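Open the model in a viewer and keep the selection tool at hand. The stops below run from one group of side chains to the next.

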Amino acid sequence: MTARQTVSTIRRRVASSPPLLVWLLVLAAAVAILLPFRGLLEESHVALLLLLVTLGGSAAAGRTVGWSLAVMSFLALNWFFLPPFHTFVVADPLDWLVLVVFLITSAVAAQLLYVAQEEARVARARAAEVDRLRIVGAEALNAGRAEDALATVARVIREVARADRCDVLPSAARTPPAGSGSAGTALDDGTEPDDELARWVVESGNAAMERSGGFVHLTAARPAQSDLESLASGDVLALLLPLSVRERVVGVLRLRASEGLRLDAERWRFVDALSYYAALGVERVRLVAAEEHAEALRETDRLKDALLASVSHDLRTPLTTIKARAHELRVHGDERAEVIEQEADRLNRFVANLLDLSRLNARVLPVTLELNAVDELVELVVQRVEGALSGRPLLVRLAPDGELLFGRFDLAHSVRIVVNLVENSHKYSPPTTPIEIAAGRTAEGVVVEVADRGTGLDEDEVERVFEPFYRGPGAPQREGTGLGLSIAKRLAEAQGGALRYAPRPGGGSVFALTLPAVPSSGAMPSF
């Protein structure tokens, strides 16, 4: 055997030997080197040299080896270098001070070195975690699609957890999951046990673990200390964690390993941190889908408005011709022509409402804000509706003491709004009950209220009643198109005002039109 082979063999044997044995050999070698110079060296010199061996062993092999070397150095110092030699008897009492100080110094130095190394190791682990989080964030941001970003997060979690696969299951039914591994299963109405368990995690907000014994262990939102021990031992085949954003469960993170998950404390802490990235990814996918749906609805609404405007313009000319021909027939004594004229007028009003609704949606309907008296507004409304009320009482209440109220609004549009409210009250109120109009001033501005004793609105109808084409369950079959209140609300908002509904005490409805006011001290009368 050559010298090189011999050295190589020695190196392999040393590398395969226990660290404590290696450093005990180093200590023995140091003692052997110092023995010939025992007469020339003082005890403090020997203690310092042996302390170097102790620190070296502690730095290279850990605290246990350092403490063991400290004890063995203590014994070697006493046996070989303190008279009487080769005994553990100490002749000079001051030598005890050297021995005790050496032992304490060696033990404390080994402990401090261990603490420093442990802090450095934790710092390196944290730096690695931060670096991985940075990589995850960069890759997620570089992903063009939200689904790709979510798949990237799932892949990183799988790599960190050393799992066979990682699935991120959104809580929305029939939404495909993002996975890293083999094909995933959607969290829908399937009959797979994992799906049932995932749905339970979403509903309860608790984590779940499938153990190697074949049963499922349910925990809190995050595994307890005993569960973490199971995760580190490889006893858990699958781990399901709820993903929450703003205290709302948005999905489930599922980790699976056929040989069992082995998540130590550091790996678990990193997986737990990355799970929030997965939750944000699920929320991003949901928001993107909602935005795409909203954009599709907006585009549909724009096409609908364009179609309505085009059709309405095209209908104006034939309606005018039909009405003119019907008028000629009526002049010549044909009684059926009157019905044609009435229906043409009705259809013309419908077309006009469609045009106005399209203009309001496009914000191109002209609105002229001028200083107007509320009394004049109410007077014009009474003139317009008194013929259509068929003798129904109409009660008007204005500001007390005859004080005039002024506001800055479009008079024609405001009259149209209040007339529409009065006509609606006439349609949906018992024939003998009066309709009441009140005008006054509140902190919000000038208010004109129309009150009736009809059936009122259910809670789910309050918002829908202002939607285009909505007609309540009790609406007459051939009256109205469901556009009146929608146009009225938009006309009020176009003037900087508002139109609101409130139930009337004792039964009925109150619709309140609020318009910008000028300074006044008028009070709002009560019904």
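Select Phe466, Tyr501 and Phe511 to begin: these residues form one aromatic cluster. The model is a predicted one, in which local features need pLDDT of at least 70 and side-chain atom pairs count only at pLDDT 80 or more, while totals for chains, interfaces and linings use all residues. Residues are numbered from 1 along each chain as its sequence is written, and side-chain values use heavy atoms, with hydrogens and water left out.

**The aromatic cluster**

Rings of Phe, Tyr and Trp (its six-membered ring) pair if their centres lie within 6.5 Å; planes under 30 degrees apart count as stacked, over 60 as edge-to-face and the rest as tilted. The structure holds two aromatic pairs. In one of them, Phe466 and Phe511 meet edge-to-face, with 6.3 Å centre to centre and 80° between the planes. Phe466 lies in the loop between S11 and H13 and Phe511 in strand S13, so this pair ties together parts that are 45 residues apart in sequence. Helices (H or I, at least four residues) and strands (E, at least two) are DSSP runs, numbered from the N terminus.

Are these two rings buried or exposed? Phe466 is buried, with a relative accessible area of 9%, and Phe511 is buried, with a relative accessible area of 9%. Here buried means under 20% relative accessible area, exposed over 50%, and partly exposed in between (1.4 Å probe, protein chains only).

Now add Tyr501, which forms a tilted pair with Phe511: 5.3 Å centre to centre, 55° between the planes. Tyr501 is in strand S12 and Phe511 in strand S13, 10 residues apart. Tyr501 is buried as well, with a relative accessible area of 13%.

Go back to Phe466 and show Lys489. The charged end of Lys489 sits over the ring of Phe466, 4.9 Å from its centre; the criterion is NZ of Lys or CZ of Arg within 6 Å of the ring centre and within 35 degrees of the ring normal.

**The nonpolar cores**

Next, select Leu377, Val381 and Val422. Of the 40 residues in the largest nonpolar core, these touch the most other members. A nonpolar core is a set of buried Ala, Val, Leu, Ile, Met, Phe, Trp, Tyr and Cys residues joined through side-chain atoms within 4.5 Å. The elements that each supply at least two residues of this core include helix H10 (336-362), helix H11 (374-385), helix H12 (411-428), strand S10 (435-442) and strand S11 (445-451). Helix H13 (484-494), strand S12 (498-503) and strand S13 (509-515) are also among them. The largest share, seven residues, comes from H12.

Centre on Val381. Leaving aside neighbours within four places in sequence, Val381 is in contact (heavy atoms within 4.5 Å) with Val415, Val418, Val419, Val422 and Ile437.

For a second, separate core, select Ala146, Val153, Val156 and Val271, which are among its 33 residues.

**A buried glutamate**

Move to strand S10 and pick Glu436. Glu436 is buried, with a relative accessible area of 9%. Its side chain makes a polar contact with the side chain of Arg504 at 2.8 Å. A polar contact is a pair of N or O atoms within 3.5 Å; within protein, one must be able to donate a hydrogen and the other to accept it, and residues adjacent in sequence count only if both atoms are side-chain atoms.

**Salt bridges**

How many salt bridges does a search of the whole structure find? The search finds 12, counting a side-chain nitrogen of Lys or Arg within 4 Å of a carboxyl oxygen of Asp or Glu.

Select Arg256 and Glu210, whose closest N and O atoms are 3.6 Å apart in a salt bridge. Arg256 is in strand S6 (residues 248-261) and Glu210 in strand S3 (residues 208-211), 46 residues apart. Arg256 is partly exposed at 23% relative accessible area, and Glu210 is partly exposed at 21%.

Then take Arg211 and Asp235, a salt bridge with its closest N and O atoms 3.1 Å apart. Arg211 lies in strand S3 and Asp235 in the loop between helix H8 (225-233) and strand S5 (236-245), so the pair ties together parts that are 24 residues apart in sequence. Arg211 counts as buried at 11% relative accessibility, whereas Asp235 is partly exposed at 26%.

Finish with Glu283 and Arg246, which meet in a salt bridge (3.2 Å, N to O). Glu283 is in helix H9 (residues 265-331) and Arg246 in the loop between S5 and S6, 37 residues apart. Glu283 is buried, with a relative accessible area of 5%, whereas Arg246 is exposed, at 65%. Extend the selection to Arg248 and Arg286: with Arg246 and Glu283, these residues are linked in a network of salt bridges.
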